[in-house]
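Please look over the sequence and the model that follow. The paragraphs after them go through the aromatic rings, the nonpolar cores, a sheet with its helices, and some backbone angles.

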Amino acid sequence: MSPTTDNHHQEIAELQSEITRLRRVMTDLRESEEFSRAVFQSSQTGLVIVHRSTRQIMDANPTAAHLLGYELDDLVGLLFDEIIAGGCEDACLLDQPENRSLDTSAEMVHRNGHRIPVLHSVTHVEENNSGVVLFGFLDITARKMAEDKLCESHEKLRRALSELEEHKDRIVQSEKMASIGQLAAGVAHEINNPIGFVTSNLGTLSEYMDTLKAMLLLHEQRAALPPGDQAEREDLLAKIARIREDEDLAFILSDLDNVMEETMEGLVRVSEIVQNLKSFARKDRSGHSRHDVNAGIEAMVKVVWNELKYRCRVDLNLGDIPPVLGHGGKINQVLMNMMVNAAHAMPPEGGVLTVTTEQDDEWVVIRVTDNGCGMNDEVLSRIFDPFFTTKEVGSGTGLGLSISHGIIQDHGGHIDVDSTPGLGTTFRITLPIGEDPALDEDESASADGQAPENLVDPDDQLIG
């Protein structure tokens, strides 16, 4: 065989090999196209192919046709602007140079006219400068409905929480007024005592005034006599001397200051009781403010003094503490409740109620200690439960400690209890000092009223 024939056979073999390779490439390409087409057709994402310059839909998958309410053949050929809602921001999506993933929301237009919320993606196909855009979209109607329902539920919860807070405030106020009702007889007694000696002193002052008026009248008559009427002058002097002796003018003059001072003290005491009671009964409407805990303790001792003085001696060990940020009236309500409970726990022969305050880092600590009957573990485990009480029916609502616990929690603090049957109980109240730049530190004394320095009369410290 000649060399020419050999070359010819070799060329034929190479050509057959190339044909086989090309056939394999074409098969692979056809299979790839079929696979891509299958993926395109079966995708659960709506897909439309749009020519960017003409804005005409060149192809679409069944999912896109179904979501938009079209037959597939009817959707192909439409303008993209017919299926996209909104203004230029949505209609001009195809003109944006960058690709977008499925994280941007838009609205598509269904064939019947209603709008469909979607997440969409934009993919630019730049091969051969085709100017083709693949637009993908997911129907998020169900998610939008869920979000709307979630927002609606959130709003309902917000309103319910607001109503719950209002109910809670009303319950706190009701318990406060119930406490005042239970203390009313004692408060009336506390007011009647100073009113009694004020009334008595006014009677004494009236008598003193009659004597002084008689003396002044005689002196005026004597001053009006002519110089030569010596007998009449002597008679008036005798009357003046007799009144001075009979009424003990020296004693009257020395006693006037004492009577006036006692009368003023009585009126101030009544004013303090009424002011503290009004402050305690007042409904808290304002936000948090600076509250002087020590002043609040002294004010509440004044309000419940009639409950305390016949049952126990009161020792106040008030430390140098800063004001706390909170509702002064509510804090005072807790303090009053603790003091009354302690008084009611005292033995028949009386006891000692000790109230101490101190600062512990960023906290104010209040301890209310009594040496009363104490509580066992079963009672201790329930004392903060609503409506639980160890008192007789009609003697308490069973809400005092529960409400007190809630008030302290609302202030970011907590209450601890340590009690031993037969030995007494200590309530430890811890309140954060708190910081609020908007409040003036110099105005730390709240409007809840301040008791005088000598609130607890030493003469009343004896156990009744």
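The structure holds 2 aromatic pairs, where rings of Phe, Tyr and Trp (its six-membered ring) pair if their centres lie within 6.5 Å, with planes under 30 degrees apart counted as stacked, over 60 as edge-to-face and the rest as tilted. One of them is formed by Phe 80 and Phe 135, which are edge-to-face at 5.0 Å centre to centre with 70° between the planes. This pair links distant parts of the chain, since Phe 80 lies in the loop between α3 (72-75) and α4 (88-91), whereas Phe 135 belongs to strand β5 (residues 132-139), 55 residues apart; helices (H or I, at least four residues) and strands (E, at least two) are DSSP runs numbered from the N terminus. Phe 135 also pairs with Phe 137 in a tilted arrangement, 6.1 Å centre to centre and 35° between the planes, and Phe 80, Phe 135 and Phe 137 form one aromatic cluster. Phe 80 and Phe 135 are buried, as is Phe 137, buried meaning under 20% relative accessible area, exposed over 50% and partly exposed in between (1.4 Å probe, protein chains only).

The model is a predicted one, in which local features need pLDDT of at least 70 and side-chain atom pairs count only at pLDDT 80 or more, while totals for chains, interfaces and linings use all residues. Residues are numbered from 1 along each chain as its sequence is written, and side-chain values use heavy atoms, with hydrogens and water left out.

The protein has 12 helices and 12 strands, and of its 464 residues 38% count as buried. Its largest nonpolar core (a set of buried Ala, Val, Leu, Ile, Met, Phe, Trp, Tyr and Cys residues joined through side-chain atoms within 4.5 Å) has 40 residues, and those with the most contacts inside it are Leu 308, Met 339, Leu 353, Ile 366 and Ile 429. At least two residues each come from α8, α9 (305-309), β7, α10, β9, β10, α12 (400-410) and β12, and α10 gives the most, with 9 residues. Leaving aside neighbours within four places in sequence, Ile 429 is in contact (heavy atoms within 4.5 Å) with residues including Val 334, Leu 335, Met 338, Ile 366 and Ile 408. Apart from this core lies another, of 22 residues, among them Leu 67, Leu 75, Val 133 and Phe 135.

Several of these elements meet again in an open sheet of 5 strands, with the order β7-β9-β10-β12-β11 and mixed pairing; two strands pair if DSSP finds at least two bridges between them. Because β7 (312-318) and β11 (414-420) stand at the edges with a single partner strand each, one side of each is left without a neighbour in the sheet. Strand β11 runs antiparallel to β12 (residues 424-432) and is joined to it by 7 bridges, and Asp 418 has Thr 426 in β12 as its bridge partner. Helix α8 (residues 293-303) packs on the sheet, touching β7, β9 (351-360) and β10 (363-370), and its direction makes about 165° with that of β7. Helix α10 (residues 328-344) also packs on the sheet, touching β9, β10, β11 and β12, with its direction at about 170° to that of β12; axes are lines fitted to C-alpha atoms, for helices over the stretch in contact, and angles run from 0 to 180 degrees between N-to-C directions.

The loop between β9 and β10 contains Asp 361, which has a positive phi of about 60° although it is not a glycine, and which is exposed, with a relative accessible area of 58%.
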